[in-house]
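Trainee: I am new to this structure and would like to learn how to read its features one at a time. Could we look at it together?

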Amino acid sequence: MDRTLGVGTQDDGPLLVLTATTMMKVSMNLNAILAYDIEYVFVTILLKQLLNLAKKWRGQACQVCHDSGNLVQRSARCKNSFLHIFSLTNRLRQNPLQFSLPPDLDEESLMQGAQQLSQAVLESDPDIIQKNHDLGAQLTERKERLSWLIRFINDNAVLGKISQQCRQKLATDAEKLFAVCVFATPNPQSNQSFARTSPAHSILNDAVHAYMQEINEGHHEDVIRAFFRLRVVDIGRLVGKVGEAATQAARLTQRDIIEFLPEANRIVLTVLNSAFDYRDYNLQVYGIDLPMITPWSSKPAVIDVVLGLFDATTKAIEAPSSGHRTKSDSEPGTQLPDLAAALFTCIQERLDWLGSPFAMSEPGYQRDREELSKKFDMLRPEVFETLRRNGYANAAFSLAEKYRDFSGLASLCHKDTVYPPESNPNFLRIQAYIERFKDGFTTELYRWYIQHGELRVMFAHDDSHSPHIDKYFAENPSNSISWINDLGKERYSIACATLLKEAGHAGNLDAKHLMLSIGKLAHLAQLHESNTGAADSSLLDAFHDDLDFVSVHEALLQEFRSALDAIRGRQTLDSQIDTIVKATATGLQEKPALKDIFKDLVRGLLQGRALCIEDAVDVLTLKDNDSSLEDFATALHLLARVQNLPEARITSAFRTVWRRVYIHDECVISWDNLVFGYSTKACVCSWDAIRKTANVSDAELSARFRSTALYNTLCAIITKDHQPAGYETSPDEALVTPTMTEITSRWPGLTQEQVEALVQDYNLECDLLGDLDLNDVFHRVRELAVHDVEW
């Protein structure tokens, strides 16, 4: 049966009611209706609203479907008012009318009406919310009103017409009301609610009063109820006042803040956890697509107050008090895990928001996200350790698992016995994490072993770790360690190549020696495994050359330490260096810049540092070589092997070595001489003296030449097959000194004054060589060296 109603009116006239078969004029006695049973008051409210709307927008028809429950206001301006009507009537259990919205409803009007109604409920609009002195009942009524609103929207299948921003606004209003409802709910233990009326004994009251005063709303007779009636929308800002209220209460009462922290913590945790729970439970009801847009529960002020309470609680329970430490198994200690969980939730929520497209319109969003992300990365391990230290290790593990903080899990798993791995109390937990998180966890686990020097644990695990270790080194190359894994799996070829490469970069001499020795053995093992009779000569030569370079270090160390044998008692490192320089580098007294370089290199040797070839060449050629002329040739041999330096620097280094070869013999020249059949030693202090041939036989002159560093160096190099450019340098070529560019390239940390001082010292060497004019002597000595080597 068609029971469609048509309702219309004329100015100050009766209502016209039209059914499928009848048209009626209806006159209503509102006084009689108002005097009717209070249970049917919704009829009065509905009819009043209908009359007001009809008078306001006369000429615009309204259709009411009583049976199908369809009420359509043709004017979009009426929709908000009808939502108010629905809110007033549909909540009554005996309401005979049910309403629905048409499918062609205007989206903008629907969203505007829904948000206005939600805001009105949140602010206790007297047209919507009846006045009630019972705070709990009033909050419950408002909460139910917002629940009806979203239910009404879903029942009419118009949620899809509401934007994500609008949905989140409606959900946020509802979760704020849900969060504060608990303040009016009595505590089962004390039979008191949070909303007590004694500001002197309540952190909540103090925080509410402080906030209401701040916004100039402190004039209300009952400030607490005024806040919960009118300012629920500001619950996030109220949370920011809780920490200040606790601190202020402790200061005013001159009591320990630990007495106020339990309530302060409960307030913050209650608000946030209630809001989070409501949000999670109603995500689908509101059609929320995470992340939340500018979420109130993770504003910087909220994050700061939670972090502040966590720090204050930690400090309070760990600080000595009256000769003993406060136990962490009672409040506020037991609140630490919940505070940590709430803190992480807030921070992650804000990070998610700042990483969403909606945040791109916010100024400085990218900087804020980077700063907060770094802060979170630094904060997590501190929070984990705080929880573990105070007896809440399981809570720390749970948080690390939830946020997939694998580095945090790895650290937590190794707070007790580490080696052997089977003795670790978290051994089974580690195995479970490997099964659960796979390579995500093992990557951080092995990184922890490496960073904390626990390689023995890493390689002591059973074979189940083998594929994870291989994958770790494949994705995180670490040649200084991976060769251990390769050796253990008999991948000798890879291991020896890795060791040779790493030894070239080793900064410690002992480590360099060890890697070269093991690498050579690995190469020989590979040859044995493959049954190859002939070794790879180039690879073996490389190991031999590098081992020879280690021997050069050891010989220099032995020479320098012998200079300390005559010194009794303990000396500082600086004193040892000064003693060595005075004993072994007398030629540097007039070259202060080169003397400083030499002292730094000696320091490195004494500290066990492996020198680079350029540095070793300087040590070999700057020290006194009266009894070790072969060191000049050694320096040339080392330079001939260099492959990773610019050609200009190699050439300059060759010239420097030869320049020092030539000027060495200007200082001290000695030779054996036969006088009347007896062997004697003569000394000449300059090349000019050696070139004086008056009354000197050819044999005696040749003996003088053979005693020079030039002769000994030429004899050592002329037979070498590989002779790069500069390997043999004439006196004229050796006059070219390093440029300032080459000097700064080799020593980038030097100041301009230090570079200029080095240039002066190099020029001093050059001037000394230029004054000698050794071109004729060079050719004569070279001929003598070639003859002696061949014969």
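Mentor: Let us begin with a pair of helices, keeping in mind that this is a predicted model. Helix H6, residues 164–181, and helix H10, residues 261–281, have axes that come within 8 Å of each other.

Trainee: At what angle do the axes of H6 and H10 cross, and how should I describe that angle in words?

Mentor: The two axes cross at roughly 135°. Angles over 145 degrees would count as roughly antiparallel and those from 65 to 115 as roughly perpendicular, so H6 is oblique to H10. The crossing in which H6 passes H10 is right-handed.

Trainee: Which residues of H6 and H10 meet?

Mentor: From H6 come Ala171, Ala174, Glu175, Phe178 and Ala179, and they meet Thr270, Val271, Ser274, Ala275, Tyr278 and Arg279 of H10. Sorted by class, this contact of H6 with H10 is made up of seven nonpolar, two polar and two charged residues.

Trainee: How should I think about nonpolar residues in the interior, and how many residues does the largest nonpolar core have here?

Mentor: As a general idea, nonpolar side chains in soluble globular proteins tend to be buried together. In this model the largest nonpolar core has 123 residues, and those with the most contacts inside it are Ile203, Phe228, Leu387 and Phe441. Helix H13, residues 336–354, supplies the largest share of this core, namely eleven residues. Another core, of 85 residues, lies apart from it, and includes Ala593, Val602, Leu620 and Ile663.

Trainee: What share of the protein chain counts as buried, taken over its residues?

Mentor: Of the 791 residues in the protein chain, 46% count as buried. The secondary structure of that chain comes to 36 helices and nine strands. When contacts between residues at least 6 apart in sequence are considered, 64% of them join residues at least 24 apart.

Trainee: You mentioned helix H13; which residue of H13 could show me a contact between parts that are distant in sequence?

Mentor: Aspartate 352, which lies in helix H13, is a useful case. Aspartate 352 and proline 291 are 61 residues apart in sequence, yet their C-alpha atoms are 5.8 Å apart in space. If its neighbours within four places in sequence are left aside, aspartate 352 is in contact with Pro291 and Arg369. Because its relative accessible area is 37%, aspartate 352 is partly exposed.

Trainee: What should I look for in the backbone itself?

Mentor: The general expectation is that most residues other than glycine have a negative phi, and that most peptide bonds are trans. With that in mind, look at the peptide bond from glutamate 331 to proline 332, which is cis, with omega near 5°. Proline 332 sits in the loop between strand S7, residues 324–325, and H13. The bond from tyrosine 419 to proline 420 is also cis, with omega near -5°, and proline 420 is placed in the loop between helix H16, residues 406–412, and helix H17, residues 427–437.

Trainee: Where is lysine 438 found, and is it buried or partly exposed?

Mentor: Lysine 438 is found in the loop between H17 and helix H18, residues 439–451, and at 43% relative accessibility it counts as partly exposed. Although lysine 438 is not a glycine, it has a positive phi of about 55°. Arginine 404, another residue other than glycine, has a positive phi near 50°, and its place is in the loop between helix H15, residues 393–402, and H16.

Terms used
Residues numbered from 1 in each chain as written. Predicted model: local features only at pLDDT ≥ 70, side-chain atom pairs only at ≥ 80, totals over all residues. Heavy atoms only, no water. Axes fitted to C-alpha atoms, helices over the stretch in contact; angles between N-to-C directions. Helix = DSSP H or I, 4+ residues; strand = E, 2+ residues; numbered from the N terminus. Parallel < 35°, antiparallel > 145°, perpendicular 65-115°, else oblique. Left-handed = near helix turned anticlockwise from the far one by under 90°. Contact = heavy atoms within 4.5 Å. Nonpolar A, V, L, I, M, F, W, Y, C, P; charged D, E, K, R; others polar. Core = buried A, V, L, I, M, F, W, Y, C linked by side-chain atoms within 4.5 Å. Buried < 20%, exposed > 50% of the residue type's maximum accessible area, 1.4 Å probe, protein only.
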